[in-house]
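Me: I'm new to reading protein structures and would like a close look at a single part of this one. Could you take me through a strand slowly, and then show me what else is worth looking at?

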Amino acid sequence: MEEIKSGEKTRVLVVGATGYLGKRIVRACLAEGHETYVLQRPEIGLDIEKVQLLLSFKKLGARLVEASFSDHQSLVSAVKLVDVVVSAMSGVHFRSHNIPVQLKLVEAIKEAGNVKRFLPSEFGMDPPRMGHALPPGRETFDQKMEVRHAIETARIPYTYVVGACFAAYFAGNLSQMGTLLPPKKKVNIYGDGNVKVIFADEDDIANYTAKTLNDPRTVNKTVYIRPRDNILTQNELVQIWEKLTGNELEKINIEAKDFLADIEHMEISHQAGLGHFYHIFYEGCLTDHEVGEDEETSSLYPDVNYRRMDDYFRMFL
């Protein structure tokens with residue numbers, strides 16, 4: 001399969017475009033000047049918010065393409081229109097969990113034979129590094145590895161974008177579970193709070209993704225989102241918030257054994273979330289390995305003025 005020639009306009013199909021990250025990727029692709037197609041699934045039915053979102057993409061210049069995962073030929077026809085396919089399908093247990101559905105997309109791309117790059121739904125922890133992950137949260141990584149295996153077996157050129165905690169879920173709440181807002185009096189600190197974690201604004205994740213998809217430097221590579229100024233410990237994150245508000249919070253340190261003590265008695269979605277928090281904040285799974293400059297987004301794309309966490313916090317003031 002030929003690589004996209006420099007200077008050519010890239011045609012990209014976004015799957016999962018009405019989702020949390022997908023809608024940002026659509027806007028980022030349009031802003032980057034890519035000819036952007038959006039998969040419109042007939043199963044959308046009476047979901048008025050999704051319909052209106054699709055129409056808003058159309059207004060911005062995106063093209064809607066009807067196809068269904070239950071109709072293989074419609075998927076083949078859709079991917080034949082483009083050079084690149086980006087999937088942003090949800091892989092978290094408390095929302096829709098659709099990672100394995102991407103195998104149908106891989107089959108369609110394989111049959112179409114024209115796609116020069118596929119970016120599957122990744123964007124978080126790096127799955128090959130998570131073979132030891134706690135169940136049931138490990139299911140997400142196992143499924144992502146299954147999708148990767150299918151892509152590589154089919155010899156479809158790929159880019160895997162990984163490596164950061166979504167700021168809305170992990171930063172604005174000072175990494176507290178069960179809320180998306182900053183605590184007012186007390187904050188739970190995981191262990192000693194000194195494990196390095198990576199935070200990124202979701203719009204920045206989308207912007208970096210849009211830049212990688214036709215970059216010859218990122219073909220058949222894992223690209224890590226590691227905004228340098230956003231590699232922070234939980235303690236540092238809390239300190240930024242305290243400095244902005246002038247309010248010192250009471251710190252409650254939670255040991256690893258206590259954090260996982262009642263995990264088996266919780267709902268599946270909560271068990272999965274606890275496991276992921278454990279790997280990030282106790283084990284440091286995002287920062288326990290080196291990344292070369294040619295694999296790191298803020299080195300590859302220094303022109304992206306990513307959002308620092310002190311600026312991110314200002315919307316909560």
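Reply: Here is a walk along one strand and its partners, followed by a few other places to visit. Keep in mind that this is a predicted model.

Let's begin with strand β4, which covers residues 84-87. Its side chains alternate: Val 84 and Val 86 point one way, while Val 85 and Ser 87 point the other way. Which of these four are buried? All of them are.

Now look at the partners of β4. Strand β1 (residues 11-15) runs parallel to β4, and four bridges join the two. To find one such place, look for Val 15, which stands opposite Ser 87 of β4. β4 also pairs with strand β5 (residues 117-119), again in the parallel sense, over three bridges. Here Val 84 has Arg 117 of β5 as its bridge partner.

You can try the same reading on strand β6, residues 159-162. Thr 159 and Val 161 lie on one side, Tyr 160 and Val 162 on the other, and all are buried, so both faces of this strand are covered. β6 runs parallel to strand β10 (residues 221-224), and four bridges join them. One residue pair to look for is Val 162 with its bridge partner in β10, Tyr 224.

Tyr 224 turns up again in the lining of the largest cavity. Among the other lining residues are Met 125, Asp 126, Gly 163, Cys 285 and His 289. This cavity holds about 60 Å³ of space. What kinds of residue line the cavity? The lining divides into six nonpolar, two polar and three charged residues.

For a contrast with strands, turn to helix α8, residues 234-245. With 12 residues at 1.5 Å a residue, α8 should span 16 Å, and its end C-alpha atoms are 17 Å apart, which agrees. Its buried residues are Gln 234, Asn 235, Leu 237, Val 238, Trp 241 and Glu 242. Seen down the axis of α8, these buried residues fall within an arc of 160°, so they line one face of the helix. The general rule behind this is that an α-helix has 3.6 residues a turn, so residues three or four places apart point the same way.

Finally, find Glu 296, in the loop between α10 and α11. Is Glu 296 buried or exposed? Its relative accessibility is 5%, so Glu 296 counts as buried. Compared with Val 85, back where we started, Glu 296 is 211 residues away in sequence and 21 Å away in space, C-alpha to C-alpha.

Methods: Residues numbered from 1 in each chain as written. Predicted model: local features only at pLDDT ≥ 70, side-chain atom pairs only at ≥ 80, totals over all residues. Heavy atoms only, no water. Buried < 20%, exposed > 50% of the residue type's maximum accessible area, 1.4 Å probe, protein only. Pairing = 2+ DSSP bridges. 1 Å grid on protein atoms, 1.4 Å probe; cavity = no way out; pocket = protein on both sides within 12 Å on 5 of 7 lines; lining within 4 Å. Points joined across faces, edges and corners; volume = space filled by probe spheres on them. Nonpolar A, V, L, I, M, F, W, Y, C, P; charged D, E, K, R; others polar. Expected span 1.5 Å × (residues − 1). Arc of directions from axis to C-beta.
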